[in-house]
Amino acid sequence: MKLSLLDRSRTRAGFDDATGVTGTVERAVWAEQAGYQRFWVAEHHAVPGIASGAPAVLLAAIGGRTDRIRLGSGGVMLPNHQPLVVAEQFSMLSALYPGRIDLGVGRSLGFTPPVRRALRRERDEPDTFEADIDELRHYLLGTADVTARPAIAAPPIFVLATGHGLNVAARLGLPVVVGGPALRDADRLATYRREFRASEFNPVPHVMVSVDAYVADSEEQARRLAVPEAWAIARSRQTGEFPPLEDIAELPSDAPPRVREAVEKSVASAVAGTPEQVGRSLERLVDHTAADEVISSTSTFDRARLRASDELLAQVVSRL
């Protein structure tokens, strides 16, 4: 079973945004040392809790600090970009770091109306996701009217998939990354595999499942690692703004019942526990989804404990 990491350059209370970005680079270094297959970064624009809005730039910096681990985007949001520009950026990365670059693409718009306006995107615009991916892959393969430079072997394209994304990926013959509620729907994944059309990129379907995996010496410690991210998610639903991670010791004890319930639900949905517990949970997930690969998208306030969790997770998966 292949294991990868997705890092969203989460900011932390008391630290500036630059620390969030440099922390991502450092995490990539230790992920390579721990034996992870891939290290991916994300694209989020003007979000207080996330420092990275430019995956290609961040991946270039990570490539200079690592030697073997594959690097990619989880993902580039195609509604925000011209496909030719994305092809040029990832062709450049492929030229700099041959055989190590992945291009994950998604269709999410900006987090809030002001961000969408700044990106020149609105929710009622036509959905061109499938056409954009098709145009992008022709640039990468050198079969479009113009050639993206540098002209080099195309990096693999992954689709960050909702229900609609799974259908698009099947028609275009691309691997998918699936997380959240979609993991519970084995029928959708079966449909993706059944309707998959072989392409220049992939002769067979490929499913990567995304989970929040926290590993510690005890289940209680692991669940505590999940609380800062769960708190941020609950706060965003209350305030409309996704905040930096906070130290669990600083979180208020008198939060409204609705917020506490949201935190508890989010923590319960994470894969959190001892190495043995997490191993069993991942085995059940892989059996249910027939996944080819797992990518962990965990975040927590304490970076030392995050590293310890990442290293334990790599050990767990190596034994599956």
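A residue counts as buried when its relative accessible area is under 20%. Keep that cut-off handy for this tour. And remember as you click around that the model is predicted.

**Stop 1: a buried threonine**

Select threonine 289, which lies in helix α10. Is it buried or exposed? Its relative accessible area is 1%, so threonine 289 is buried. Now show what surrounds it: leaving out residues up to four places away in sequence, threonine 289 touches Leu183, Leu189, Arg193 and Val209. Hold on to Val209, because we'll come back to valine 209 as a bridge partner in β7.

**Stop 2: the barrel**

Switch to a cartoon view and pick out the strands. Eight of them close into a barrel, and the order to follow is β1-β2-β3-β4-β5-β6-β7-β10, with parallel pairing. From one strand to the next, the twist averages 25°.

Let's walk along part of that barrel, starting at β4. How many bridges pair β4 with β5? Three, and the two strands pair in the parallel sense. To see one meeting point, select glycine 104, which stands opposite phenylalanine 158 in β5.

Step on to β5 and β6. Here the pairing is again in the parallel sense, over two bridges. Select valine 159 and look across to β6, where its bridge partner is valine 176.

One more step takes you from β6 (residues 176-179) to β7 (residues 207-211), parallel strands joined by four bridges. Select valine 178 here; its bridge partner in β7 is valine 209. That's the valine from the first stop, one of the residues touched by threonine 289.

While you have the strands on screen, a general point may help: in a regular strand the side chains alternate between the two faces of the sheet.

**Stop 3: a helix across the strands**

Add helix α5 (residues 129-141) to the view. Which strands does it lie across? They are β4 (101-106) and β5 (157-160), and the helix runs at about 160° to β4.

**Stop 4: helix α11 and its two partners**

Now colour α10 (residues 275-289) and α11 (residues 303-318). These helices pack with their axes 10 Å apart, at an angle of about 55°. That angle is why α10 counts as oblique to α11. The crossing of α10 past α11 is right-handed. Turn on side chains to find the contact: α10 brings Pro275, Val278, Gly279 and Leu282, while α11 brings Leu312, Leu313, Val316 and Val317. What classes of residue are these? Seven are nonpolar, one is polar and none is charged.

Keep α11 in place and add helix α1 (residues 17-34). The axes of α1 and α11 come within 10 Å and cross at roughly 30°. The two are therefore roughly parallel to each other, and α1 also makes a right-handed crossing as it passes α11. On the α1 side, select Gly23, Glu26, Arg27, Trp30, Gln33 and Ala34; they meet Arg303, Leu306, Arg307, Asp310, Glu311 and Ala314 in α11. By class, this contact holds four nonpolar, two polar and six charged residues.

**Stop 5: valine 259**

Jump to valine 259, in helix α9. With 5% relative accessibility, valine 259 counts as buried. Setting aside neighbours within four places in sequence, it is in contact with Trp231, Ala234 and Gln238. Try a distance label between the C-alpha atoms of valine 259 and tryptophan 231: they are 28 residues apart along the chain and separated by 7.9 Å.

**Stop 6: two loops and Phe111**

Where is valine 47? Look in the loop between β2 (38-41) and α2 (55-63). Valine 47 has a relative accessible area of 8%, so it is buried. Not counting residues up to four places away in sequence, valine 47 touches Phe111 and Phe242. Its C-alpha atom is 9.7 Å from that of arginine 10, which is 37 residues away along the chain.

For the last selection, go to glutamate 241, in the loop between α8 (219-239) and α9 (257-269). At 47% relative accessibility, this glutamate counts as partly exposed. Glutamate 241 touches Pro48, Phe111, Arg235 and Ser236, again without counting residues up to four places away in sequence. Phe111 therefore turns up among the contacts of glutamate 241 as well as those of valine 47. Finish with one more label: glutamate 241 and glycine 49 are 192 residues apart along the chain, with 8.5 Å between their C-alpha atoms.

Methods:
Residues numbered from 1 in each chain as written. Predicted model: local features only at pLDDT ≥ 70, side-chain atom pairs only at ≥ 80, totals over all residues. Heavy atoms only, no water. Axes fitted to C-alpha atoms, helices over the stretch in contact; angles between N-to-C directions. Parallel < 35°, antiparallel > 145°, perpendicular 65-115°, else oblique. Left-handed = near helix turned anticlockwise from the far one by under 90°. Contact = heavy atoms within 4.5 Å. Nonpolar A, V, L, I, M, F, W, Y, C, P; charged D, E, K, R; others polar. Buried < 20%, exposed > 50% of the residue type's maximum accessible area, 1.4 Å probe, protein only. Pairing = 2+ DSSP bridges.
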